[in-house]
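User: I am new to this structure and would like a close look at a single part of it. Please take me through the picture step by step.

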Amino acid sequence: MKPFFKLLLGIIATFISVPQVNAQSIIIGQVGENDIYSNPEPDPMIQAVAVHLTIHPGGSFSIDVDQNGTMDFTISASAGGGLGGGGGGASIQSLSPQTKILTHPETSVGYPGDAYYTVNVADTLNFGQTIDNSLVFDKTGASLWSTNYGYASGAYVYTWNSNEDHYIGFIMRPNVDTLYGWIRLIVNSPGISCLIILKDFACNINEFASINAHRINNISVFPNPATDYLNISSGSNEVKTKLNIYNSIGTKVDEFIFEKELIIDISDYSPGIYYLKFGNNAEVKMIVVY
């Protein structure tokens with residue numbers, strides 16, 4: 001065989017045996033056409049304040065980052081007080097063993113002053129950073145902040161203690177259908193109190209993500225606050241969309257099919273805050289039941 005034909009066959013074989021593969025990834029703080037983006041309004045918030053002799057748990061909320069009707073993360077905060085001392089903290093916990101958070105071990109001094117503790121802390125990522133398979137996701141939960149005082153023992157973690165945007169990176173279903181994503185939080189812990197604000201979050205989308213790709217516009221929910229009924233309407237003529245209602249800790253309490261208009265009986269709901277999620281919409285409506 002002539003050298004020219006050998007070279008030509010080698011080039012053809014190279015193209016056949018080494019196909020190009022586009023690696024999946026997501027960019028911190030940005031949203032592409034293949035990303036699911038959620039921006040709850042108003043921003044969910046937790047505030048935990050330690051008061052002498054009284055424990056204030058602060059609370060928690062859960063989020064569904066891929067909008068498939070199942071909660072993926074719980075964010076919580078607590079603060080305590082007592083005669084001898086106390087402490088508090090904030091954390092993010094994934095609700096599936098396959099959902100992992102970008103973290104790092106952090107060693108810090110605790111109480112008493114000569115005691116050292118190693119804590120798993122969520123990474124604070126930079127805007128524009130790429131999350132992909134080059135990163136190591138090795139934990140399902142991580143601290144955002146912790147402190148102790150008096151006779152309480154434990155680590156002081158202040159990595160997240162600033163009134164600025166911080167981003168958490170995560171991976172979902174790495175063994176089945178890999179999705180990468182980010183969550184934007186503000187965590188401010190002056191003294192022995194703690195404030196967490198959830199700004200927004202995003203993740204990749206593909207055939208396994210999102211229960212409903214249809215979006216609806218101009219959603220109106222009234223009255224709010226409400227006690228007996230909710231009237232929901234939309235200026236959009238979209239097809240039917242699933243509506244899920246969650247309580248303040250992320251438990252789904254009701255499910256409906258929404259198409260243009262809907263009246264919901266909420267007379268059996270316990271007083272509190274609830275969130276209405278419409279299919280794959282970025283907007284999440286918050287209502288108060290009294």
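Which residue in β20 is the bridge partner of Leu230?

Analyst: The bridge partner of Leu230 in β20 is Ile264. Let's build the picture around that pair. Before we start, this is a predicted model, in which local features need pLDDT of at least 70 and side-chain atom pairs count only at pLDDT 80 or more, while totals for chains, interfaces and linings use all residues. Residues are numbered from 1 along each chain as its sequence is written, and side-chain values use heavy atoms, leaving out hydrogens and water.

As a backdrop, the protein has 22 strands and one helix; these are DSSP runs numbered from the N terminus, with helices (H or I) of at least four residues and strands (E) of at least two. Of its 290 residues, 44% are buried, meaning under 20% relative accessible area with a 1.4 Å probe and protein chains only, where exposed is over 50% and partly exposed lies in between.

Now to the part you asked about. Leu230 and Ile264 bring together β17 (residues 229-234) and β20, which pair in the antiparallel sense over five bridges; two strands pair if DSSP finds at least two bridges between them. These strands belong to an open sheet of three, in the order β16-β17-β20 with antiparallel pairing. At its edges stand β16 (219-222) and β20 (261-265), each pairing on one side only. From one strand to the next the twist averages 15 degrees, an angle between lines fitted to C-alpha atoms, taken in the N-to-C direction on a scale from 0 to 180 degrees.

On the other side of β17, a hairpin of six residues joins β16 to β17, and the two strands pair in the antiparallel sense over four bridges. Here Ser220 stands opposite Ser233 in β17. In a regular strand the side chains alternate between the two faces of the sheet. In β16, Ile219 and Val221 form the covered face, while Ser220 and Phe222 form the uncovered one.

Next comes a second sheet to look at. It is open, with four strands in the order β19-β18-β21-β22 and antiparallel pairing. Its edges are β19 (252-258) and β22 (284-289), each with a single partner strand, so one side of each has no neighbour in the sheet. The twist here averages 25 degrees from one strand to the next. β18 and β19 pair in the antiparallel sense over six bridges, and Ile245 has Asp254 in β19 as its bridge partner.

How do the cores fit in? A nonpolar core is a set of buried Ala, Val, Leu, Ile, Met, Phe, Trp, Tyr and Cys residues joined through side-chain atoms within 4.5 Å. The largest has 34 residues, and Ile92, Leu144, Ile168, Ile183, Leu185 and Ile196 touch the most other members. Its largest share, five residues, comes from strand β15 (residues 193-204). Apart from this core lies another, of 17 residues, and our Leu230 is one of its members, as are Ala226, Ile245 and Ile287.

Finally, there is some enclosed space. A cavity is a set of points on a 1 Å grid, over the protein atoms alone, where a 1.4 Å probe fits but cannot get out, and lining residues have an atom within 4 Å of a point. The largest cavity has 18 lining residues, with Ser62, Ile63, Met71, Tyr275 and Val284 nearest its centre. β4 (56-63), β15, β18 (241-247) and β21 (272-278) each supply at least two residues of that lining.

Note on methods. On a 1 Å grid over the protein atoms alone, a cavity is a set of points where a 1.4 Å probe fits but cannot get out, and a pocket is an open set with protein on both sides within 12 Å along at least five of seven lines; lining residues have an atom within 4 Å of a point.
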